Amino acid sequence: MSYTDIISTIGVSLILLAFFLNTFKYLNDTSKSYFILNIIGGAFACYGSVLLNSLPFIILEGTWSLVAIIGLIKNLKQ
């Protein structure tokens, strides 16, 4: 496995972990942990996409992280 594969796999795994935990009610979709898993996962996946020069996935994963950051900020303000 290459460095790029490892980084991308970590990112996607964190996003999927957040999804799994939320789907099976182990984690609320408004919890800090949920947002943090998505922020870090999206950032790793975005970085992996940069290493692969895959613009569509850079946009997707970058947006994923950005939306999660905004969600976390809104959550913390409440």
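**View 1. The buried residues of helix α3 in this predicted model.** Start with Glu61, Ser65, Ala68, Gly71, Leu72 and Asn75, which are the buried residues of α3. If you look for what covers them, you'll find α1 and α2 among the covering parts. Helix α3 itself runs over residues 55-77. With its 23 residues, α3 reaches 33 Å from its first C-alpha to its last, close to the 33 Å expected at 1.5 Å a residue.

**View 2. A look at Gly62 in helix α3.** Is Gly62 buried or partly exposed? Gly62 has a relative accessible area of 27%, so it counts as partly exposed. Setting aside residues up to four places away in sequence, Gly62 touches Cys46 and Phe57. For a sense of scale, try Met1: Gly62 and Met1 are 61 residues apart in sequence, and their C-alpha atoms are 23 Å apart in space.

**View 3. Where α2 packs against α3.** Here the two axes are 8 Å apart and the helices pack at an angle of about 160 degrees. α2 and α3 are therefore roughly antiparallel to each other. The crossing of α2 past α3 is left-handed. On the α2 side, the residues making the contact include Lys32, Phe35, Ile39, Cys46 and Val50. On the α3 side, look for Phe57, Glu61, Trp64, Ala68 and Leu76, among others. Sorted by class, this contact has 14 nonpolar, seven polar and two charged residues.

**View 4. Helix α2 and its buried residues.** Buried in α2 are Tyr34, Phe35, Leu37, Asn38, Ile39, Gly41, Gly42, Ala45, Cys46, Gly48 and Ser49. What covers these buried residues includes α1 and α3. How far apart are the end C-alpha atoms of α2? They are 30 Å apart, which agrees with the 30 Å that the 21 residues of α2 should span at 1.5 Å a residue. Just past the helix comes Asn53, and its phi is positive, near 55 degrees.

**View 5. Helix α1 alongside helix α2.** Now bring in α1 (residues 3-23) next to α2 (residues 32-52). Their axes come within 7 Å and cross at roughly 150 degrees. That angle is why α1 is roughly antiparallel to α2. The crossing of this pair is left-handed. The residues in the contact of α1 with α2 divide into 17 nonpolar, eight polar and no charged.

**View 6. Zooming in on Thr4 in helix α1.** Thr4 is buried, with a relative accessible area of 16%. Which residues is Thr4 in contact with, leaving aside its neighbours within four places in sequence? The contacts are Gly48, Leu51 and Leu52. Gly48 was in View 4 too, as one of the buried residues of α2.

**View 7. Leu14, also in helix α1.** Not counting residues up to four places away in sequence, Leu14 touches Leu37, Ile40 and Gly41. Leu37 and Gly41 are among the buried residues of α2. Another residue to pick out here is Ala45: Leu14 and Ala45 are 31 residues apart in sequence, and 9.3 Å apart in space, C-alpha to C-alpha.

Key
Residues are numbered from 1 along each chain as its sequence is written. This is a predicted model: local features need pLDDT of at least 70, side-chain atom pairs count only at pLDDT 80 or more; totals for chains, interfaces and linings use all residues. Side-chain values use heavy atoms; hydrogens and water are left out. Axes are lines fitted to C-alpha atoms, for helices over the stretch in contact, and angles run from 0 to 180 degrees between N-to-C directions. Helices (H or I, at least four residues) and strands (E, at least two) are DSSP runs, numbered from the N terminus. Angles under 35 degrees count as roughly parallel, over 145 as roughly antiparallel, 65 to 115 as roughly perpendicular and the rest as oblique. A crossing is left-handed if the near helix is turned anticlockwise from the far one by less than a right angle, and right-handed if clockwise. Ala, Val, Leu, Ile, Met, Phe, Trp, Tyr, Cys and Pro count as nonpolar, Asp, Glu, Lys and Arg as charged, and the others, Gly among them, as polar. The expected span of a helix is 1.5 Å times one less than its number of residues. Buried means under 20% relative accessible area, exposed over 50%, partly exposed in between (1.4 Å probe, protein chains only). Contact means heavy atoms within 4.5 Å.
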